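Visitor: I should be grateful for a close look at a single part of this protein. Please choose one helix, describe how it sits among its surroundings, and then follow those surroundings outward.

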Amino acid sequence: MKKEKYEILARKYRPKSFEEVVGQKHVVQTLSNALRLGKIGQAYLFSGMRGIGKTTVARILAKALNCVHGPTPTPCNECEFCQAITKDRAIDVLEIDGAASRRVEEARDLREGLQYQPLHSRYKVVIIDEVHMLTPEAFATLLKILEEPPSQIVFIFATTEAHKVPKTIVSRCQHFEFKRISQKDIVKHLAYIAHEEKISISQEGLFLIAEAAEGSLRDAESILDKAVSFAGNNISLDDLRVLLGTVPQKLLFEVSKIIFNGEAGEVFSLVDKLVESGYELINFYHQLIQHFRKLLLAKSLANFQDIIPVNEEEYQRYRKEASDLSGEELLRYLNALLKEEGPLKYSFQPRIYLETILVKLCHFGRLVALEDLIKTLAGEEGAKSGPLEAYSGEREKSFSPNSGKS
């Protein structure tokens with residue numbers, strides 16, 4: 001019996017309509033209204049980080065323009081035009097990789113091909129992914145096409161680096177900036193996939209994946225795919241931590257305890273333990289920042305589990321540890337960690353740099369607040385006030401304008 005070909009989650013659950021797009025309401029609503037009103041642009045520019053739906057929305061827009069019921073904001077996904085676009089076999093929808101087709105000759109070939117009307121569809125749609133990779137000469141040719149655009153042709157450009165696209169091109173497009181997808185939206189979408197695929201995974205596990213994905217839904221789906229390959233359909237937190245190289249929570253609490261107790265000498269053995277265990281130091285550092293954020297949330301909010309799901313044991317531990325410090329102190333630690341994130345990432349000696357940061361944090365407990373310092377100095381000043389006032393009085397008397405008058 002022939003096995004059914006496996007389809008990765010990112011492709012299987014790729015949105016097929018505007019309603020299914022995650023976290024880009026401002027883009028979806030604007031395009032839907034434009035289609036409903038018949039206000040179809042000649043060129044669109046979709047910009048934003050990887051894995052947030054730029055190419056997906058471009059394909060949905062192509063379907064919306066060419067659906068047998070269209071142009072419509074709700075393509076049927078059943079007619080021959082929608083099916084052809086979904087299966088990447090639509091003759092009138094050209095999807096070009098800007099990185100691979102960046103030469104001026106290929107742009108000229110495109111210009112020649114666009115002189116002809118769509119063969120089967122209502123609109124000929126040209127999607128150029130990573131458009132910023134085109135050469136200046138290719139952009140010049142593309143600009144010529146946009147200046148005198150053929151009728152019934154719509155351009156959709158997608159890029160992760162909009163600042164590299166010439167202003168002359170941008171000015172001729174409707175520019176949509178796609179947002180980084182929130183962890184809450186990613187968790188909700190992953191929970192839906194897990195339910196559909198009968199995958200057993202906790203809310204904490206989903207949040208761990210969303211945190212690692214850093215705003216990219218595609219990355220989150222890929223991590224879930226990898227987790228299923230690693231652990232099967234029953235994915236535990238320990239499985240995810242091994243897969244993602246996540247530092248155990250116990251070790252993060254050990255680090256913060258060393259810092260709060262000012263035990264600078266313990267830093268070196270702790271970093272040695274991290275290196276020996278094979279943890280990536282920059283990955284550990286990112287998790288340490290998240291750890292201090294949770295401490296700050298525990299200090300600032302009555303219940304932070306609504307923002308970051310943690311189990312009850314960890315929640316109580318965060319509350320207990322945060323109770324021994326003020327919000328100002330935790331904010332100071334977090335700010336210091338954030339300032340050193342970039343330099344650590346690009347350091348040629350990450351281990352030594354990390355040790356230096358942690359030792360510096362150990363000495364924060366000896367810092368005195370400015371108002372406390374002023375009070376201390378004022379107290380010392382008061383103790384010497386007798387002689388000082390006498391001296392000051394003599395000085396004032398001797399330099400008084402009226403000192404020589406009776």
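Guide: The account below begins with one helix and then turns to its neighbours, the pockets and two loop residues.

The model is a predicted one. The protein contains 20 helices and seven strands, and 43% of its 406 residues count as buried. Among contacts between residues at least 6 apart in sequence, 74% join residues at least 24 apart.

The helix chosen is α15, which comprises the twelve residues 312-323. At 1.5 Å a residue, α15 should span 16 Å, and the 17 Å between its end C-alpha atoms agrees with that expectation. The buried residues of α15 are Glu314, Tyr315, Tyr318, Glu321 and Ala322. Viewed down the axis of α15, these buried residues fall within an arc of 135°, so they line one face of the helix. The spacing along the chain fits a general rule: an α-helix has 3.6 residues a turn, so residues three or four places apart point the same way. On the other side of α15, Glu313 and Lys320 are exposed.

What does the buried face of α15 pack against? Its buried residues pack against α11 (237-244), α12 (249-261), α14 (281-300) and α16 (327-339).

One of these neighbours, α12, includes Asn261. Asn261 has a relative accessible area of 45% and is therefore partly exposed, since that class lies between 20% and 50%. Asn261 and Phe364 are 103 residues apart along the chain, yet their C-alpha atoms are separated by 9.9 Å.

Helices α11, α12 and α14, which pack against the buried residues of α15, also take part in the largest pocket, as does α9 (203-213); each of these four supplies at least two residues of the lining. The largest pocket has a volume of about 690 Å³. Its lining consists of 32 residues, and the closest to the centre are Glu211, Ala212, His286, Gln287 and Gln290. The greatest contribution to this lining comes from α14, with seven residues. By type, the lining of the largest pocket divides into 14 nonpolar, ten polar and eight charged residues.

The second largest pocket has a volume of about 450 Å³. Of the 22 residues that line the second largest pocket, Arg14, Gly51, Gly53, Thr56 and Arg218 are the closest to its centre. Two or more lining residues come from each of α1 (9-12), α3 (54-66) and α10 (217-231). The lining of the second largest pocket comprises nine nonpolar, five polar and eight charged residues.

Two loop residues complete the picture. Most residues other than glycine have a negative phi. Glu214, in the loop between α9 and α10, has a positive phi of about 55° although it is not a glycine. With a relative accessible area of 44%, Glu214 is partly exposed. Lys198, in the loop between α8 (183-197) and β6 (200-201), likewise has a positive phi of about 55° without being a glycine. At 69% relative accessibility, Lys198 counts as exposed, because the exposed class begins over 50%.

To return to the starting point, α15 has its buried residues on one face, and these pack against α11, α12, α14 and α16.

Definitions and conventions. Residues numbered from 1 in each chain as written. Predicted model: local features only at pLDDT ≥ 70, side-chain atom pairs only at ≥ 80, totals over all residues. Heavy atoms only, no water. Expected span 1.5 Å × (residues − 1). Buried < 20%, exposed > 50% of the residue type's maximum accessible area, 1.4 Å probe, protein only. Arc of directions from axis to C-beta. Contact = heavy atoms within 4.5 Å. 1 Å grid on protein atoms, 1.4 Å probe; cavity = no way out; pocket = protein on both sides within 12 Å on 5 of 7 lines; lining within 4 Å. Points joined across faces, edges and corners; volume = space filled by probe spheres on them. Nonpolar A, V, L, I, M, F, W, Y, C, P; charged D, E, K, R; others polar.
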